[in-house]
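Here is a short briefing on one protein chain. Take a look at the sequence and the model, then read on.

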Amino acid sequence: PDHVLCRVDQLVEGRGRPAKAAGRYLAVFLVEGTIHVIDNQCQHVGSPLDGGPVRDGNVMCPWHGWTYRLSDGAHLTSFGERPGIRTYECRVTDAGEVQVTLEDPVGD
């Protein structure tokens, strides 16, 4: 099913915004005109990523600096890329809402 996460006019370039849909904690980022939706939880100790700084299309966890590429969620390390966090396809409706399609809800 489709879930509305926020409105486009609520997004700020280069910043993340937290959202929750179907039991998932997500983060919505606007970077250079492109909207990215990712799981809002660092793989390290679970810090929310929505408050992390964005550089060159990557978000850095505000707690310990783990870095993820927003386009595909890859975890970027000094040793190369590692499997990272999940990303979600999103779209903007005619009403200016950011929507994402999610499968069945995850458990709380």
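How much area does the protein chain expose, and what share of it do carbon and sulfur atoms supply? The exposed area is about 6,200 Å², and carbon and sulfur atoms supply 48% of it. Keep in mind that this is a predicted model.

**Overall build**

- The protein chain has 12 strands and 0 helices.
- Read along the sequence, the pattern is β-β-β-β-β-β-β-β-β-β-β-β.
- The C-alpha atoms fill a box of roughly 40 × 35 × 20 Å along the principal axes.
- The radius of gyration is 13 Å, which agrees with the value near 13 Å for a compact globule of 108 residues.
- Of the 108 residues, 37% are buried.
- Take the contacts between residues at least 6 apart in sequence: 37% of them join residues at least 24 apart.

**The four-stranded sheet**

- One open sheet has 4 strands in the order β2-β3-β4-β10, with antiparallel pairing.
- Its edge strands are β2 and β10 (87-88), and each pairs on one side only.
- β2 and β3 pair over 6 bridges in the antiparallel sense. Here A21 has R24 of β3 as its bridge partner.
- β3 and β4 also pair in the antiparallel sense, over 6 bridges. V31 stands opposite T34 of β4.
- The hairpin of β3 and β4 has 2 residues between the strands, and E32 takes a positive phi near 50° there.
- β4 and β10 pair in the antiparallel sense over 2 bridges. I38 has T87 of β10 as its bridge partner.
- In a regular strand, side chains alternate between the two faces of the sheet.

**Nonpolar cores**

- The largest nonpolar core has 15 residues. Those with the most contacts inside it are L5, L11, L26, V28 and L102.
- Five strands each supply at least two residues of this core: β1 (2-7), β2 (16-21), β3 (24-31), β4 (34-39) and β12 (97-101).
- β3 gives the largest share, 3 residues.
- Another core, of 12 residues, lies apart from it. Among its members are A27, I38, L49 and C61.
- In soluble globular proteins, nonpolar side chains tend to be buried together.
- Beyond its neighbours within four places in sequence, L102 is in contact with P1, H3, A21, A22, R24, L26 and Y88.

**R24: buried or exposed?**

- R24 lies in strand β3.
- R24 counts as buried because its relative accessibility is 11%, and the cut-off is under 20%.
- The side chain of R24 makes a polar contact of 3.2 Å with the side chain of E103.
- R24 also appears among the contacts of L102, and R24 is the bridge partner of A21.

**Q99: buried or exposed?**

- Q99 is found in strand β12.
- Q99 has a relative accessible area of 16%, so it is buried.
- Which residues does Q99 touch, leaving aside neighbours within four places in sequence? Q99 is in contact with D2, H3, V4, E89, C90, R91 and T93.
- Q99 and R15 are 84 residues apart along the chain, and their C-alpha atoms are separated by 18 Å.
- H3 is in contact with Q99, and H3 is in contact with L102.

Methods
Residues numbered from 1 in each chain as written. Predicted model: local features only at pLDDT ≥ 70, side-chain atom pairs only at ≥ 80, totals over all residues. Heavy atoms only, no water. Core = buried A, V, L, I, M, F, W, Y, C linked by side-chain atoms within 4.5 Å. Buried < 20%, exposed > 50% of the residue type's maximum accessible area, 1.4 Å probe, protein only. Contact = heavy atoms within 4.5 Å. Pairing = 2+ DSSP bridges. Polar contact = N/O pair within 3.5 Å; in protein donor to acceptor, adjacent residues only side chain to side chain. Rg over C-alpha atoms; globule rule 2.2 N^0.38 Å. Areas by Shrake-Rupley, 256 points an atom, 1.4 Å probe, with all protein chains shown as cover.
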